[in-house]
Amino acid sequence: MATESDHATTGETGADVERGYFGITLASRTKWNLIRAATVVGYVLMLLPLVVIVINSFNPSRLGNFPPSSLTLRWYEELLADTTMLRALWNSLLVGISAAFVAGLVGTLTAMGFVRKDFRMQNALVIVLLSPLLVPPIIVGVAATIFFSQIGIGRSLGWLIVMHALLGLPYAFLIIRSQLYLFDETLEEAAQSLGADRVTTFREVTLPLIAPSIITAMVIVFVISFGEFTATQFWVKRTTTTVPVVIFSMLRTSISPKIDALATVMLVVTIVVPLFILGIRRYLLRN
Amino acid sequence: MSTERSRIPALKDRVMENDWIRFLISPGLGIAWILLFLFLPMTIILVISFSIPGDYGNVIYEFTVENYRRFWTADVYQNIIFESLLYGVVVTLLSIPLGYTIGYFLGRSKTDWKWILLGLVVLQYWVPFIIRTYAWIIILSNNGVLNQLLLGLDVISSPLNIMYTDYSMILGLTVSLLPFMILPVYVSVSTIDEDQIHAAKTLGATDFRAFREITLPQSMPGIVSGVLFVFIISAGAFLAPVLLGGPGTRMIAPVIESVFIQDFNWPFAAALSIVYFGIIGFLLYLFNRRVDLEEALETGAT
């Protein structure tokens with residue numbers, strides 16, 4: 001099949017000799033163009049819906065005539081006046097950030113335990129740690145709801161945080177562990193032979209070196225928590241509801257561009273916040 | 001120097017064995033978290049699935065196989081699980097060629113846009129499912145964006161009825177899950193040594209043969225990981241069938257939800273969950289016999 005490098009050698013800089021050498025024909029260039037066309041189609045399918053939501057959130061028409069004849073901020077104003085939604089947004093942020101910290105901490109300690117210690121059944125225990133990826137969220141939702149109600153714990157933000165941390169833990173663990181595999185343990189030994197105690201070594205050597213992966217892991221956990229719906233729908237009550245649950249119940253009652261406005265806010269949070277944090281991470285890494 | 005060297009292992013042992021760090025840095029905390037909040041709840045629903053439903057979600061702890069007998073005797077639930085798996089297969093089969101092509105493009109392309117394109121896939125991955133699913137309602141419904149555009153351009157004379165059918169649901173699911181196929185395929189393809197492909201072609205292999213014998217086998221880990229994620233998520237999908245599917249679309253997740261929430265029949269919802277999880281578990285077991293499950297999960301999740 002054609003590759004870009006085939007294509008590149010047929011370009012202006014490509015020598016005719018190479019062209020013959022690699023067996024480049026017009027046909028392979030055509031194939032590459034087909035691949036490119038399919039890629040464009042895929043991107044349109046993935047991105048167009050999001051663009052439509054953002055545009056529609058400024059649409060003055062309740063029925064959503066498209067494209068809108070003029071633009072309005074009306075739906076955002078309604079959003080700001082809606083205490084249920086602001087509450088949901090606040091809950092989502094709080095749960096997402098808390099779950100990120102919990103899963104970041106648990107994930108770091110667990111990953112370090114796996115990499116630094118030898119124990120039996122490592123492989124089986126890794127599958128246990130990754131199992132939240134394998135159980136369909138609808139089942140996690142039902143099982144946790146029955147579990148908490150049987151031990152007599154009512155729905156709360158704490159419940160949400162604990163469960164969202166569970167759903168994010170496999171990702172946190174994998175991301176941090178892959179960084180630890182690259183870690184040079186002699187650095188720790190060097191610090192200690194120079195007289196640093198264990199806590200200092202951890203704080204001054206280990207943590208700074210694995211911090212970037214911990215930050216990445218926390219960002220991913222936040223994103224997962226912020227968007228989770230299928231399991232979360234069973235775990236919320238009126239005062240602890242989250243944005244995806246609110247959007248879902250709005251979709252069941254009436255569709256208006258207000259939903260698009262809320263969805264746009266969610267898009268901004270789920271994209272801008274992680275990019276911002278990853279940007280800081282990059283800045284810290286440079287210094 | 002030699003004394004320094006011999007001291008090092010001793011130091012390392014001290015770190016790991018003598019204090020609170022040792023206690024905290026262990027797989028124990030993560031494992032405990034999973035056991036407590038996933039395995040224990042799963043065990044409890046296993047018990048409850050053999051119990052009698054009371055009123056308002058109460059459970060009467062008295063042994064019965066009635067919930068499983070109901071599943072076994074009423075064809076409807078078996079059909080729903082079968083159909084869910086079938087939708088999962090269809091979505092997976094659709095996402096392989098499209099996802100592979102895009103992943104292949106990203107892995108091979110030398111364009112300056114590559115990092116932006118990759119970033120867009122990652123962003124897509126971050127966008128909540130509910131938003132990606134909802135977007136298709138605005139686009140595909142009878143007075144949606146697509147129909148308004150097509151009517152406006154006089155391509156069609158009456159709105160297309162695509163929304164609330166199997167097609168809209170399958171389209172929505174496939175597109176939503178594309179990043180799960182694209183990213184691992186991209187990772188696999190970009191690590192293939194291009195010299196191998198050039199060598200094969202130099203030796204007279206056609207483009208297709210070089211692809212089939214070099215690129216495809218080496219990108220299998222990516223495909224396998226993509227298939228695992230796309231299949232599990234699509235077969236267990238809740239939002240897509242509820243929001244995009246038609247009256248004839250039946251999938252297991254919405255059924256479990258309605259038994260649990262509307263009927264308040266917790267033991268039967270638990271039994272359905274256990275049966276469905278058992279089937280998924282069995283499929284994963286078969287999967288694990290052919291390929292490394294852990295590796296596939298790692299490829300997909302990092």
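Colleague: Which residues of H9(A) meet H10(A)?

Modeller: In this predicted model, helix H9 covers residues 186–193 of chain A and helix H10 covers residues 198–227 of chain A. On the side of H10(A), the partners are A:Thr201, A:Glu204, A:Val205 and A:Thr206. The residues of this contact divide into three nonpolar, three polar and two charged. From H9(A), the residues asked for are A:Leu187, A:Glu188, A:Ala191 and A:Gln192.

Colleague: How are H9(A) and H10(A) placed relative to each other?

Modeller: Two packed helices are described by the angle between their axes and the distance between the axes. H9(A) and H10(A) pack at about 140°, with axes 10 Å apart, and the crossing is right-handed. Angles over 145 degrees would count as roughly antiparallel. The two helices are therefore oblique.

Colleague: Of what secondary structure is chain A made, helices or strands?

Modeller: From the N terminus on, each element of chain A is written as α. The count of strands is zero. The secondary structure of chain A therefore comes to twelve helices.

Colleague: Is A:Leu169 buried or exposed?

Modeller: A:Leu169 belongs to helix H8 of chain A. Leaving aside neighbours within four places in sequence, A:Leu169 is in contact with A:Ala103, A:Val106, A:Gly107 and A:Pro132, and also with B:Gly30 and B:Trp33 of chain B. Within 10 Å there are 31 other C-beta atoms, and the cut-off is 20 or more. A:Leu169 is therefore buried.

Colleague: How far apart in space are A:Leu169 and A:Met218?

Modeller: In sequence, A:Leu169 and A:Met218 are 49 residues apart. Taken from C-alpha to C-alpha, the separation in space is 9.6 Å.

Colleague: Which helix gives the most to the side of chain A that touches chain B?

Modeller: The contact takes 92 residues from chain A and 87 residues from chain B. One helix of chain A, spanning residues 26–56, gives 16 residues to this side. By class, the side of chain A that touches chain B has 64 nonpolar, 21 polar and seven charged residues. The helix that gives the most is H3 of chain A.

Colleague: What is the handedness of the crossing of H6(A) and H3(B)?

Modeller: Helix H6 (residues 122–130) of chain A and helix H3 (residues 28–48) of chain B pack at about 55°, with axes 9 Å apart, and are therefore oblique. A:Leu125, A:Val128 and A:Leu129 meet B:Gly30, B:Ile31 and B:Ile34. By class, this contact has five nonpolar, one polar and no charged residues. The crossing is left-handed.

Colleague: How many residues of H13(B) are buried?

Modeller: Helix H13 of chain B spans residues 252–261 and has ten residues. What covers its buried residues includes helix H7 of chain A, together with helices H5, H12 and H14 of chain B. The buried residues are B:Ile252, B:Ala253, B:Pro254, B:Val255, B:Ile256, B:Val259 and B:Phe260. The number buried is seven.

Colleague: Which residues have the most contacts inside the largest nonpolar core?

Modeller: This core has 161 residues, and its largest share, 15 residues, comes from helix H8 of chain A. Not counting residues up to four places away in sequence, A:Val142 touches A:Phe234 and several residues of chain B, including B:Ile45, B:Ile256 and B:Phe260. Those with the most contacts inside the core are A:Val142, A:Leu166, A:Val221 and B:Ile256.

Terms used:
Residues are numbered from 1 along each chain as its sequence is written. Chains are lettered from A and ligands numbered from 1 in the order in which they are written. This is a predicted model: local features need pLDDT of at least 70, side-chain atom pairs count only at pLDDT 80 or more; totals for chains, interfaces and linings use all residues. Two residues are in contact if their C-beta atoms, placed from the backbone, lie within 7 Å. Helices (H or I, at least four residues) and strands (E, at least two) are DSSP runs, numbered from the N terminus. Ala, Val, Leu, Ile, Met, Phe, Trp, Tyr, Cys and Pro count as nonpolar, Asp, Glu, Lys and Arg as charged, and the others, Gly among them, as polar. A residue is buried if 20 or more other C-beta atoms lie within 10 Å of its own, exposed if 12 or fewer, and partly exposed in between; C-beta atoms are placed from the backbone. A nonpolar core is a set of buried Ala, Val, Leu, Ile, Met, Phe, Trp, Tyr and Cys residues joined through C-beta atoms within 7 Å. Axes are lines fitted to C-alpha atoms, for helices over the stretch in contact, and angles run from 0 to 180 degrees between N-to-C directions. Angles under 35 degrees count as roughly parallel, over 145 as roughly antiparallel, 65 to 115 as roughly perpendicular and the rest as oblique. A crossing is left-handed if the near helix is turned anticlockwise from the far one by less than a right angle, and right-handed if clockwise.
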